[in-house]
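Q: Could you show me how to read packing, cysteines and a chain interface in a structure like this one?

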Amino acid sequence: MSTDPNKLDSLVNRRYEHGFVTDIETETFPPGLDEDVVRAISARKNEPPFMLEWRLKAYRHWLTMKEPEWAHLHYPRINYQDISYFAAPKSDKDRPQSLDEVDPKLLETYEKLGIPLHERARLAGVAVDAVFDSVSVATTFKGKLNDAGVIFCPFSEAVIEHPELIKKYLGSVVPYRDNYFAALNSAVFSDGSFVYIPKGVRCPMELSTYFRINAANTGQFERTLIIAEEGSHVSYLEGCTAPMRDENQLHAAVVELVALKDAEIKYSTVQNWYPGDENGKGGIYNFVTKRGDCRGANSKISWTQVETGSAITWKYPSCILRGDNSVGEFYSVAVTNNMQQADTGTKMIHIGRNTSSTIVSKGISAGRAQQSYRGLVRVMPQATGARNHTQCDSLLIGKECGAHTFPYMEIKNPTAKIEHEATTSKISADQLFYCRQRGISEEDAVNMIVNGFCKEVFKELPMEFAVEAQALLNVSLEGAVG
Amino acid sequence: MKTTLEVKNLHAGIGATKILNGLDLVVNAGEVHAIMGPNGSGKSTLAQVIAGHADYEVLDGSVRFNGEDLLELEPEERAREGVFLGFQYPVEIPGVNNAYLLKAAVNAKRRHLGLDEIDAFEFLKLAREKMATLGMDPIFLNRGVNEGFSGGEKKRNEILQMAMLEPRLAILDETDSGLDIDALKTVAAGINELRDPTRAIVLVTHYQRLLDYVEPDFVHVLSAGKIVRSGDKSLALELEKNGYEWVKEAVNA
């Protein structure tokens with residue numbers, strides 16, 4: 001007559017749907033990292049000398065740094081010499097010009113992941129730059145973007161085709177010295193996406209990239225750079241799922257956004273890396289540096305993220321509000337279940353006059369997961385009229401999980417207006433019984449409560465992404481209530 | 001007359017505490033029964049067991065609903081079959097829109113009955129009508145479920161849900177508690193509106209005053225987990241006059 005705890009357990013312990021490995025032959029470097037590996041990566045990608053020089057400087061700097069320990073995360077030490085730093089599908093040399101030329105096995109993989117690439121791309125009118133392992137293998141909708149003057153291509157291609165833009169902007173938001181993982185990424189980054197929106201152009205479609213990790217023991221180090229020239233506008237979507245794996249996989253991406261005068265960048269992420277099994281075995285270690293620079297007056301950068309995956313998440317998408325009247329936004333839903341750990345939040349650095357920022361963070365913890373919100377609001381002395389509103393809510397499901405909040409505020413200008421609100425709540429057995437007594441199943445009730453909790457963030461996502469995110473959350477928390 | 005609810009020799013408790021000790025009750029369609037009794041006599045336990053709350057364990061006896069074994073069903077299945085519990089303390093569910101929950105509930109039941117789901121326009125029209133009769137501001141539809149509602153507003157919301165779900169059996173657990181006289185009258189009018197030859201209503205209450213407005217066909221007195229007296233509405237008046245001690249004494253005599 002009542003909730004069967006075994007049934008709930010089996011739901012909680014459901015296996016990760018996207019866990020499988022395709023056997024496309026990969027050309028993988030042997031594990032280990034030294035200057036020769038950095039040189040080899042650069043050579044494999046036919047990079048110009050300036051790029052190799054930059055990688056080497058980053059590598060040498062990385063050697064002097066220590067892995068940060070301040071985050072509220074517990075994981076075994078990573079041995080950076082046990083990781084292979086490059087893997088590429090064999091078909092790399094003859095990159096396919098259309099999906100017909102793409103390895104059918106690869107397409108099959110996308111099908112299994114529930115992402116029929118061609119269908120989705122065609123139906124949704126989204127340009128897709130699909131990163132599979134470390135090398136991009138399919139780029140579509142180039143024509144339409146070319147007409148608008150938009151550059152949207154694999155990062156490695158941009159290094160060769162648009163070296164002047166790379167030289168000017170790479171590392172200008174996240175310098176290689178910035179932090180341990182950014183330095184590592186700068187030395188060994190494999191590929192990623194490059195976007196350039198010319199002056200006054202509104203990007204004619206939403207840009208989307210699907211990232212996958214698909215080779216055992218290969219850390220993936222993406223590098224993404226988006227530049228929005230004066231008065232331009234772009235919305236970029238990033239989403240990922242990863243195959244199941246026993247060893248922990250290191251993932252250290254860097255994303256840099258540059259918004260010039262009157263420009264607007266909207267960056268949305270749905271992150272679903274393999275979270276590990278119910279005992280925390282396996283799963284992705286996700287150390288990401290994402291930062292946007294509102295370099296020009298009246299510019300705007302908005303981060304929206306839905307984080308459901310990874311064993312370890314270390315991620316603080318940030319905005320530097322340099323231009324006068326610039327606006328930074330951070331909307332986040334982070335879900336941790338089982339043994340997942342997340343230390344995530346944002347930084348809003350107010351430098352220009354009359355800058356404003358909004359932070360809405362929704363954390364959901366279930367199982368034995370631990371989640372921390374870590375946010376910094378810094379108002380510099382010259383930043384007159386700065387405003388920030390922070391809302392930080394935690395929802396706990398069950399008795400063994402934890403939620404922690406670490407808000408930092410450094411206010412050096414007396415005109416600043418800063419608001420911080422925080423709540424912690426629980427899904428209670430009484431709430432669930434109430435819903436069930438009204439004929440609503442327990443799962444639907446949990447979904448209803450969780451989605452209600454997250455709706456402020458979901459409404460910031462592009463429509464089709466919002467639906468996907470909602471579904472992903474439902475799957476991530478299925479049967480989490482015991 | 002069709003029997004809606006048949007409780008036989010029901011023994012139930014919570015943890016190690018036994019609360020119901022061989023309770024028998026028959027409620028037919030079209031009837032209104034009032035269950036009265038002192039604190040701790042098992043009134044709310046009876047309501048929760050019928051609704052299927054997981055904390056309560058049934059030790060013996062049976063509960064049949066329209067001839068079916070109700071105890072075999074999950075709480076949501078009971079609800080879809082037409083069992084409605086008006087909660088004594090309706091829980092708040094912040095962030096979940098009141099209209100959303102209500103529509104999901106109505107549609108869960110409609111699906112169960114093989115009917116098409118109600119669309120948003122039809123739903124809103126119906127909900128607004130019902131709210132008007134209950135003197136509820138339509139703004140309540142857009143608030144979180146019971147979020148920040150006063151005691152009276154919560155109880156009206158329960159009656160609204162009942163009116164929308166049109167149950168076969170409605171058990172209202174102390175729906176009158178915490179209501180001022182105006183709210184009590186409105187809620188009573190809402191209940192009377194639902195009196196119907198096909199519907200059974202069980203009112204769980206401490207006091208006579210609700211029964212001034214919703215006239216019961218039968219009154220039962222619960223004591224130590226059993227029904228010790230049954231009668232018509234005059235029994236409630238007697239209780240009001242003499243108190244529950246009088247019943248206990250009468251039973252022990």
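A: We can begin with a single residue: V450(A) touches I364(A), L395(A), I397(A), I427(A), L473(A) and L477(A), leaving aside residues up to four places away in sequence, where contact means heavy atoms within 4.5 Å. This is a predicted model, in which local features need pLDDT of at least 70, side-chain atom pairs count only at pLDDT 80 or more, and totals for chains, interfaces and linings use all residues. Residues are numbered from 1 along each chain as its sequence is written, chains are lettered from A and ligands numbered from 1 in the order in which they are written, and side-chain values use heavy atoms, with hydrogens and water left out.

Q: Which residues touch the most other members of the largest nonpolar core?
A: A nonpolar core is a set of buried Ala, Val, Leu, Ile, Met, Phe, Trp, Tyr and Cys residues joined through side-chain atoms within 4.5 Å, buried meaning under 20% relative accessible area (1.4 Å probe, protein chains only). Here the largest core has 108 residues, and I364(A) and V450(A) touch the most other members. Helix α11 (residues 442-458) of chain A gives the most to this core, with 9 residues, helices being DSSP runs of H or I with at least four residues, numbered from the N terminus. Another core, of 56 residues, lies apart from it and includes L33(A), V38(A), M65(A) and F189(A).

Q: Why does C319(A) form no bond with the closest cysteine sulfur?
A: A disulfide is a pair of cysteine sulfur atoms within 2.5 Å. The sulfur of C319(A) is 5.7 Å from that of C294(A), the closest, and is therefore too far for a bond; C319(A) is itself buried, with a relative accessible area of 0%. For C203(A), the closest cysteine sulfur is in C153(A), at 13 Å, which is also too far for a bond. Over all chains, the structure holds 0 disulfides.

Q: How many residues of chain B and chain A are in contact, and what area is buried between them?
A: The size of an interface is often given as the accessible area lost when the parts come together; the value is summed over both parts, with a 1.4 Å probe. In this model, 38 residues of chain B are in contact with 19 residues of chain A, and about 2,400 Å² is buried between the two chains, 63% of it from carbon and sulfur atoms. On the chain B side, E76(B), F87(B) and V91(B) lose the most area to chain A, together 20% of what that side buries.

Q: Which residue forms a salt bridge with R438(A)?
A: A salt bridge is a side-chain nitrogen of Lys or Arg within 4 Å of a carboxyl oxygen of Asp or Glu. R438(A) pairs in this way with E158(B), the closest N and O atoms being 2.6 Å apart, and the rule finds 3 salt bridges across the interface of chain B and chain A.

Definitions and conventions:
Buried < 20%, exposed > 50% of the residue type's maximum accessible area, 1.4 Å probe, protein only. Helix = DSSP H or I, 4+ residues; strand = E, 2+ residues; numbered from the N terminus.
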